[in-house]
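Student: I would like a close look at one part of a structure, taken slowly and with its surroundings. Please go through the helix packing with some care.

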Amino acid sequence: MSVQVSPVSATSSKLPFERQQLEDIGFMTCMTLTLLGNYAQTGHFGGPVAYTPFNVVTHLAGPELGGLRYDYRRPKHPYCDKFMLAAGHCAPTCYALWMIMGEALYRKYEATGDRRYYVAPDVAMLPVDALGFRRGAGALKTLLADVGLADHPLFAQTRGRGIRALSGHIESTDVTNDVNGGPSGVGIATAAGKAAFWDMAGAEIGSPKIIAFEGEFAMCEGHAQELKTQAIALQVGKRLRIFFSDNNAGIDDALIGGVINRKFEGYRLIDQWTSYGWNVFSIPDGHDYDQIVGVLKAMEEWDPNDRRPMIVFGKTTKGYWPGAVNGKVGAGDQVVGYASHPYAMKMNSEYFIALAQTFEERYGVEFSGIRQGPVSDPRERLIQFKTNIDVAMSVLDRNGLGEWLADRLVEIGDRVKDNVPLRIDVKRDPFLDERLRVANLPEEPQTLTVKNSVSGAEKQVKIALFRKAGEVAGARRGVSEIVKWLNYVTENRALTLAADLSESVNLFCWLQTRAGRYIKGVRAP
Amino acid sequence: MYLPARVWSQQNQDSKFRTGVLHILAGHSGPETAADARTHFGIFAPQVWKLFPRGQVINLSFWDYNDVAPGYFAAAEIAAREKKVGIIIIEVARPDFPVADRSKFADTDLRAASKGLYVIRDFAPGKPRHGYVVAQGSSSTFNLVKVLPRLEQAGINVKVISAISEELFDHQPEAYRNSVLPPEAYQDLMFVSSGTRRMWPLRNVGSLTDAYSLTSDWDHQWLTGGLEADVIAEAHLDADSIFAGVQRFAQERPRRLEQQRAALDAL
């Protein structure tokens with residue numbers, strides 16, 4: 001199988017996207033997430049920064065270029081594209097970006113009163129929520145009051161909404177994210193099913209789409225391995241697009257040259273996906289905005305009849321920094337690889353200052369107090385934390401960046417459709433049908449006519465929810481009958497998910513009532 | 001499999017929207033699966049599905065064909081209306097037993113399984129009571145039902161209850177629950193179960209439950225394989241073992257109640 005190598009930057013730069021704005025938001029995101037780690041003194045660093053350019057482009061390129069179609073004002077809209085930060089510990093890249101987005105919309109709404117920019121306080125993520133990084137909701141209720149800061153103007157955004165708790169690994173309740181990214185690989189393992197669901201519902205192949213992020217170590221895990229076969233078996237096609245952050249860096253070791261001896265040259269990551277039949281793309285620099293836009297566009301324009309799921313390998317650097325030059329941050333060496341995995345820099349330490357200084361020099365701002373050593377007083381820490389978050393946010397005032405971002409978010413959000421033609425009736429919950437109540441279950445065997453909603457073919461199905469005393473039939477044989485009845489009433493809304501264990505556990509019903517595409521190796525209608 | 005289900009359960013709890021209901025089918029559970037060799041010994045693994053916050057999953061353990069539809073659809077009725085129920089677990093074993101003759105049960109209702117626990121045999125009136133025997137699982141319940149005439153002939157007067165689902169039972173009116181298992185019954189109770197003594201089918205059972213209950217892990221060893229009959233005999237869930245176990249439970253009632261009273265008196 002060939003690997004699609006994304007067009008080189010020279011070609012991609014012809015694409016119509018606002019590169020400077022994306023790069024600036026990318027740098028803001030990196031700086032903001034670093035501030036989270038600096039003042040919380042916990043979390044992760046190298047992974048979140050490595051994902052940031054792809055994260056920014058995914059959220060802001062726009063649907064025509066293969067970016068997400070979503071609405072920040074209604075992030076859980078059912079018909080928006082699904083974003084999965086399966087590498088859940090990299091949550092800070094998302095938290096930071098969402099804060100920047102939330103702040104841009106907040107400022108525009110405050111300035112204009114235009115409802116198009118309004119985001120409900122419990123929906124938006126705002127800069128003040130930085131204080132909630134890795135804190136529990138209970139502690140946040142009195143965080144400011146405990147140190148006499150409840151009425152301080154710096155924290156005015158908490159009024160009426162408090163501070164949002166931002167957990168250490170991302171959750172499906174977080175703005176555009178649609179996965180609980182927990183132990184390695186468990187989030188990405190659900191990506192194929194998420195895509196298959198929309199096939200079943202009858203949505204057109206490209207919309208909604210699923211864009212998921214994950215890295216090489218998590219992809220070693222068992223459930224992530226199952227994804228490779230699942231996605232091919234379910235024929236999810238271009239609906240599923242995975243970004244594989246290929247930086248060869250885990251927590252305590254490298255993958256190739258570390259866990260895997262380099263002498264095993266046959267251990268090639270891309271081959272591990274082409275050999276499963278995936279449609280594999282590759283970009284040499286996973287931090288280059290041109291290349292990222294180019295590959296997203298290539299995936300977007302791919303033939304919808306090609307039912308291979310998609311994955312793009314992007315070479316990234318764990319510990320990437322926009323202001324780094326030739327492996328240096330300021331005068332010192334850049335911290336990269338697995339050493340950058342945890343946020344291990346002491347508060348306001350030398351390397352943090354070096355990172356911050358590149359941001360200061362790029363944007364002409366100055367952080368407060370970071371050169372006076374760590375802050376031990378809780379009150380002063382919160383003040384310095386929020387002050388410096390606001391310094392990072394001040395870049396929104398440069399060159400109309402905030403205005404551009406707010407308008408961009410509204411433009412993307414207005415593209416989310418409230419009505420999408422589907423095969424299923426979304427106005428009725430079929431599981432509330434009275435025929436499913438225990439009292440209404442038929443005692444006598446039934447012979448029913450069922451119809452394949454895809455092919456239109458009809459057939460007769462026998463269902464026996466009860467049998468006469470003395471007949472030889474174990475309880476397991478009743479399982480197929482309940483599922484047949486369930487699917488008869490709900491018009492096939494119950495599925496089995498197993499490699500090959502449907503008939504051997506007596507789920508014969510699927511052969512008779514299935515819609516034809518979603519079970520056991522998927523047969524086209 | 002547990003890990004993704006756990007993550008799913010957390011998502012379901014926090015979601016502002018109704019989500020679907022994950023079903024786990026433990027289709028070859030119970031000691032019977034050791035007929036495929038001990039690597040398939042399915043007595044501890046199905047109990048993993050109880051490791052969720054109470055009320056967020058419904059566990060169903062079916063022994064008879066006619067339990068499946070009422071038990072499952074009772075669970076589905078709840079899950080379709082109570083958002084917090086995100087997972088339904090269906091546990092069944094492989095053997096094909098004859099469908100039970102419920103006309104011989106104390107509760108003849110064909111849909112009795114929908115109530116979670118139902119009475120197979122009530123105490124014979126006018127005779128000393130010997131305690132409560134709660135059965136769960138396929139071979140265990142089938143073989144217990146098989147020896148009921150023998151137990152009666154031996155003068156043993158126990159109340160025999162089928163435990164399909166503690167969660168469904170929790171949803172029943174208090175009057176029904178007390179009619180099946182009054183509060184004091186939990187101190188006078190043994191299990192005959194194809195599960196293990198590491199996790200009982202019901203909570204808050206008495207301190208001597210372990211001393212009398214019959215489970216596959218009776219000697220705290222992994223059992224071997226063989227034909228189903230071999231495996232069930234090794235698990236001490238064959239008819240003769242169950243008869244002996246219930247008889248001992250019945251005959252030692254005065255001593256075990258005295259033991260529990262003495263323990264309380266010592267406090």
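Student: To place that part first, which domains does the domain assignment of chain A give? After that, please look closely at helix α2 of chain A and what it meets.

Tutor: This is a predicted model, and for chain A the domain assignment gives domain 1, made up of 4-91 + 167-413, together with domain 2, which covers 430-513. Taken over C-alpha atoms, the centres of domain 1 of chain A and domain 2 of chain A are separated by 44 Å.

Turning to the helix itself, α2 of chain A comprises residues 19-40, and its axis comes within 9 Å of the axis of helix α3 of chain A, residues 46-60, with a crossing angle of roughly 140°. Angles over 145 degrees would count as roughly antiparallel, and α2(A) and α3(A) are therefore oblique to each other. The crossing of α2(A) and α3(A) is right-handed. On the α2(A) side the contact is formed by Leu22(A), Ile25(A), Gly26(A), Thr29(A), Cys30(A) and Leu33(A), which meet Pro48(A), Val49(A), Thr52(A), Val56(A), Val57(A) and Leu60(A) in α3(A). Sorted by class, this contact of α2(A) with α3(A) holds nine nonpolar and three polar residues, and no charged ones.

Helix α2(A) also packs with helix α12 of chain A, residues 401-413, where the two axes come within 11 Å and cross at roughly 100°. Here α2(A) and α12(A) are therefore roughly perpendicular to each other. The residues of α2(A) that take part are Gln21(A), Leu22(A), Asp24(A), Ile25(A) and Met28(A), and they meet Leu401(A), Trp404(A) and Leu405(A) in α12(A). By class, the contact of α2(A) with α12(A) divides into six nonpolar residues, one polar and one charged. Reading the two contacts together, Leu22(A) and Ile25(A) appear both in the contact with α3(A) and in the contact with α12(A).

For a view of the other chain, chain B has an open sheet of four strands in the order β4-β6-β5-β7, with mixed pairing. Strands β4 (117-121) and β7 (189-193) of chain B stand at the edges with a single partner strand each, so one side of each is without a neighbour in the sheet. On average, and with direction ignored, neighbouring strands of this sheet are turned by 30° against each other. Within this sheet, strand β5 of chain B, residues 132-136, runs parallel to strand β6 of chain B, residues 159-163, and four bridges join them; Val133(B) has Val160(B) in β6(B) as its bridge partner.

Key
Residues are numbered from 1 along each chain as its sequence is written. Chains are lettered from A and ligands numbered from 1 in the order in which they are written. This is a predicted model: local features need pLDDT of at least 70, side-chain atom pairs count only at pLDDT 80 or more; totals for chains, interfaces and linings use all residues. Side-chain values use heavy atoms; hydrogens and water are left out. Axes are lines fitted to C-alpha atoms, for helices over the stretch in contact, and angles run from 0 to 180 degrees between N-to-C directions. Angles under 35 degrees count as roughly parallel, over 145 as roughly antiparallel, 65 to 115 as roughly perpendicular and the rest as oblique. A crossing is left-handed if the near helix is turned anticlockwise from the far one by less than a right angle, and right-handed if clockwise. Contact means heavy atoms within 4.5 Å. Ala, Val, Leu, Ile, Met, Phe, Trp, Tyr, Cys and Pro count as nonpolar, Asp, Glu, Lys and Arg as charged, and the others, Gly among them, as polar. Two strands pair if DSSP finds at least two bridges between them. Domain bounds come from an automatic or database domain assignment.
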